[in-house]
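Grab a pencil and work through the exercises below. Try each task yourself before you read the solution under it.

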Amino acid sequence: MQNQSITPSQTPPRSRLDRGLLYLLLTTVIFSFPNKPSFDLDASWRMALSQFFIDGLQFGQDVVFTYGPLGFVMGKTYSGLLFWSLLTWQLFAALSFAAFLMLWGERLAGWPRILFYAFFVLFAAGYDDALYMLMIALMGLELVRRSGQPWRGSSALLVAWLALLSTLKFTNLTLASCIIVVTTALALWHHRRGEAIRITAWYGGAFLVVWMLCRQSPLNIPAYLANSWFISQGYQEAMGITGPDKPFWTGLVVVTILLIYLTHYWLTQKERPRATAYSAILVALLYLGWKHGFIRADG
């Protein structure tokens, strides 16, 4: 008997219902209402970001900080301003992230699929910084996966998504820029100059469009990048907190296991350039995650 492929219209009703409920669960878990105003330090600068946006202050010139012009939506702290903007972003991000996670999850089967979804429902969605970094990394891995295939509108949308998320926070921009460099280098290695040009053009163009829509001058971008870089270099001296030994050594063991796995993966792959691109993105994610979680080892 020959195997017959099932088109979306032929998908059993129970399967469509399960997927719909799973999508609703992911969206619900990722979505969160804006935080209430408060007087603590973190809430203060998060609320200030909303005021900066309304006043049209120029990042890199008037505002020297590692968050970008749209950083207030990631800070998501209500100060009496932009409530519906905060709410709209949360809904938009939840719907989009959930759809993208479903795309990855449908490629898995059995326990890998269950563990994949369980990780995001139980852990990753509970902390915005981790969730955003993981989503950026998954978008990068998806671009590497599509490298060499005909350019599609969804690929352009992925690159534009990376550019949008880059305007929220400098850490997002750092990881997204690494992804653009890696995917462009992979395309050039395989002599696909058109693909390399599309990736860089879509990212740079989308970033510039979002930046200008936020009433920011393009002339301030170099200053924003330089100042954010200088601030991040002083992060350890200004914000460093030594944590307990057990989490540190646990994290070190986990990172060691992951690096061993990546080394094994790279050595066993026939297509080394693509494997190198995958590994580079994951190493960048690990580095930024370690710097965020263990240099400032607070709650």
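Before we start, one definition: rings of Phe, Tyr and Trp (for Trp, its six-membered ring) pair if their centres lie within 6.5 Å, and planes under 30 degrees apart count as stacked, over 60 as edge-to-face and the rest as tilted. This is a predicted model, so local features need pLDDT of at least 70 and side-chain atom pairs count only at pLDDT 80 or more, while totals for chains, interfaces and linings use all residues. Residues are numbered from 1 along each chain as its sequence is written, and side-chain values use heavy atoms, with hydrogens and water left out.

**Exercise 1. Aromatic pairs**

Task: Find how many aromatic pairs the whole structure has, then classify the pair Trp 45 and Phe 65.

Solution:
- Step 1: A search of the whole structure turns up 22 aromatic pairs.
- Step 2: For Trp 45 and Phe 65, the ring centres are 5.3 Å apart and the planes stand at 70°, so this pair is edge-to-face.
- Step 3: Now place the two residues. Trp 45 sits in helix α2 (residues 41-55) and Phe 65 in the loop between α2 and α3 (71-75), so the pair ties together parts that are 20 residues apart in sequence. Helices here are DSSP runs (H or I, at least four residues), as are strands (E, at least two), and they are numbered from the N terminus.
- Step 4: Phe 65 has 25% relative accessibility and counts as partly exposed. The cut-offs are: buried under 20% relative accessible area, exposed over 50%, partly exposed in between (1.4 Å probe, protein chains only).

**Exercise 2. Two neighbours**

Task: Classify the pair Phe 119 and Phe 120, and decide for Phe 120 whether the residue is buried or exposed.

Solution:
- Step 1: Phe 119 and Phe 120 are 5.2 Å apart centre to centre, with 80° between the planes, and the pair is edge-to-face.
- Step 2: Phe 119 has a relative accessible area of 37% and is partly exposed.
- Step 3: Phe 120, at 6%, counts as buried.

**Exercise 3. A cluster and two charges**

Task: Which residues form one aromatic cluster, and which Arg lies over the face of Trp 104?

Solution:
- Step 1: The cluster is made of Trp 89, Phe 92, Phe 97, Tyr 132 and Trp 161.
- Step 2: A charge sits over a ring if NZ of Lys or CZ of Arg is within 6 Å of the ring centre and within 35 degrees of the ring normal. Arg 107 lies over the face of Trp 104, at 5.3 Å from the ring centre.
- Step 3: You'll also find Arg 272 over the face of Trp 266, at 4.3 Å from the ring centre.

**Exercise 4. The whole protein**

Task: How many helices and strands does the protein have, and what is its radius of gyration?

Solution:
- Step 1: Count 13 helices and zero strands.
- Step 2: A compact globule of 299 residues would have a radius of gyration near 19 Å, and the protein agrees with its 20 Å. That radius is taken over C-alpha atoms, and the globule rule is 2.2 Å times the number of residues to the power 0.38.
- Step 3: Along the principal axes, the C-alpha atoms fill a box of roughly 70 × 45 × 45 Å.
- Step 4: Of the 299 residues, 39% are buried.

**Exercise 5. Empty spaces**

Task: What volume does the second largest pocket have, and which element gives the largest share of its lining?

Solution:
- Step 1: On a 1 Å grid over the protein atoms alone, a cavity is a set of points where a 1.4 Å probe fits but cannot get out, and a pocket is an open set with protein on both sides within 12 Å along at least five of seven lines; lining residues have an atom within 4 Å of a point. Grid points are joined across faces, edges and corners, and a volume is the space filled by probe spheres set on the points.
- Step 2: The second largest pocket holds about 190 Å³ of space. Its lining includes Phe 97, Arg 146 and Trp 161.
- Step 3: Helix α4 gives the largest share of that lining, five residues.
- Step 4: Sorted by class, the pocket lining has eight nonpolar, two polar and one charged residues. Here Ala, Val, Leu, Ile, Met, Phe, Trp, Tyr, Cys and Pro count as nonpolar, Asp, Glu, Lys and Arg as charged, and the others, Gly among them, as polar.
- Step 5: Now the cavities: the structure holds two of 30 Å³ or more. The largest cavity has about 90 Å³, and Arg 146 is one of the residues that line this cavity.
- Step 6: The second largest cavity has about 40 Å³. Among the residues lining this second cavity are Phe 97 and Tyr 132, and α4 gives the largest share, four residues.
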